[in-house]
Amino acid sequence: MAPHRRSRPPSPMGIRTPAIATAALTSVALLSQTANAAPSEEPRPSLEEVEKKVGDLYRQAETAGEKYNAAKEKTTKQKKRVDTLLDDVARRTEQLNEAREELGTFAAAQYRTGAAAPDTASLLLADNPQDYFDQTQLMDRLTSRQKQSVDDYVTQQTATTEKRQEASESLETLTRTQSSLKTSKANVQRKLATARDLLSKLTTEEKARLAAIERQKREEAQRRADELARQQAADAERRRQEAAQGTGTSTGAGSGSGTSSGSATAKAGKALAFARAQVGKPYVWGASGPGSYDCSGLTQAAWKAAGVTLPRTTWDQVKTGTTVSVNSAQPGDLVFFYDDISHVGIYIGDGMMIHAPKPGAYVREESIYYMPVHSVVRPA
């Protein structure tokens, strides 16, 4: 070794500097791989968050179910219209063919008798003038009938074309509605599947706590129902005393007085009897009986049993009848819930109702305060 060059001193611990750098880089790479291979899990939602999420999903599913009901009802009506239009087109096409055949008959007759009408020269040359007049009258008659046939044919052709266009447009509308029907159905199924998945991940302890929250909710709803029952009883007693003293000012059903005609009471009684007979049957979205129901399917079937036709969806049912206050609700009235009017039950008195609650549940009696009340409607 040359005397002017010195040897490099050894690094601490006898390890060369490049080796330290390589080891450090390797450690960083391993740590990075570990971090990437095992990402931190998302925080587990609290029980209250799960309970709220499941409740929201059930509500959203019910809203989607009502949209499904509306689309299904619309599809049924549109299909009937399309069938009627197609029958009409077939009938008009047959008439058009008949008119075309009649035109062909007259054309053949005109060809056989000659296209030009006889003139004076023909009269002078005719062997028998009577034959000429008979022929002239025949030609005139053929021309008049032919003209009428042409007019009829043109009219039939125009009407048939218009009906075919109308049928085509109705078929396109029906196709769009059927597509909406499938979308609503898929939306319901997706939300219900999400709710079931959330519930399936709960531990036994969490399920017990969730059941306790539900019991507390029911107890509070029942307490409010009892308060309403006491208030309604007090109002009824007050009205009875006023009537006995001759100072009553009630004006009858629909006035918020709590009274109704005998006919309306009888119908409400039949609707309630039907609803009570359905208690215990499962909730199935889109169902309207007889083995299962959704909320509006139950109320529609109940009032149908009383001879009153209600629309299929909650959004249409709320527009049918007379709106009354909650305090004036009578047995048979329809009670609607939530701001979007996505649920309905049938009032039975004392703050209670019969309704088809939600997927996985059965038709049952429950306090109307189990859900936020939107409005009360008296169908009859």
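Six strands make up an open sheet in this predicted model, arranged in the order E1-E6-E2-E3-E4-E5 with antiparallel pairing. Strand E1 (322-324) and strand E5 (364-367) sit at the edges, each pairing on one side only. On average, neighbouring strands of the sheet are turned by 40° against each other, direction ignored. Welcome to a quick tour of the sheet, the helices lying across it and some of the salt bridges.

**Inside the sheet**

- Strand E2 (residues 334-337) and strand E6 (residues 373-378) run antiparallel and are joined by 4 bridges.
- Phe336 has Ser375 in E6 as its bridge partner.

**Helices across the sheet**

- Helix H5 (residues 204-245) lies across strand E3 (343-349), strand E4 (352-355) and E5, and runs at about 75° to E5.
- Helix H7 (residues 295-305) lies across E2, E3 and E4, with an angle of about 45° to E3.

**Salt bridges within helices**

- In general, side chains of opposite charge can pair when their charged atoms come close.
- A search of the whole structure turns up 13 salt bridges.
- One of them links Asp56 with Lys52, where the closest N and O atoms are 2.9 Å apart.
- Both Asp56 and Lys52 belong to helix H2 (residues 47-113), and their spacing of 4 residues is about one turn of the helix.
- Asp56 counts as partly exposed because its relative accessibility is 28%, while Lys52, at 54%, counts as exposed.
- Glu237 forms a salt bridge with Arg240, and here the closest N and O atoms are 2.5 Å apart.
- Glu237 and Arg240 are 3 residues apart in helix H5, so about one helical turn separates them.
- Glu237 has 32% relative accessibility and therefore counts as partly exposed; Arg240 is also partly exposed, at 49%.

**A buried pair and a network**

- Arg378 and Asp333 meet through their side chains in a salt bridge, at 3.0 Å from N to O.
- Arg378 lies in strand E6 and Asp333 in the loop between E1 and E2, so this pair ties together parts that are 45 residues apart in sequence.
- Are these two residues buried or exposed? Both Arg378 and Asp333 are buried.
- Glu214, Arg218, Arg364 and Glu366 are joined into one network by salt bridges that share partners.

Key:
Residues numbered from 1 in each chain as written. Predicted model: local features only at pLDDT ≥ 70, side-chain atom pairs only at ≥ 80, totals over all residues. Heavy atoms only, no water. Pairing = 2+ DSSP bridges. Helix = DSSP H or I, 4+ residues; strand = E, 2+ residues; numbered from the N terminus. Axes fitted to C-alpha atoms, helices over the stretch in contact; angles between N-to-C directions. Contact = heavy atoms within 4.5 Å. Salt bridge = Lys/Arg side-chain N within 4 Å of Asp/Glu carboxyl O. Buried < 20%, exposed > 50% of the residue type's maximum accessible area, 1.4 Å probe, protein only.
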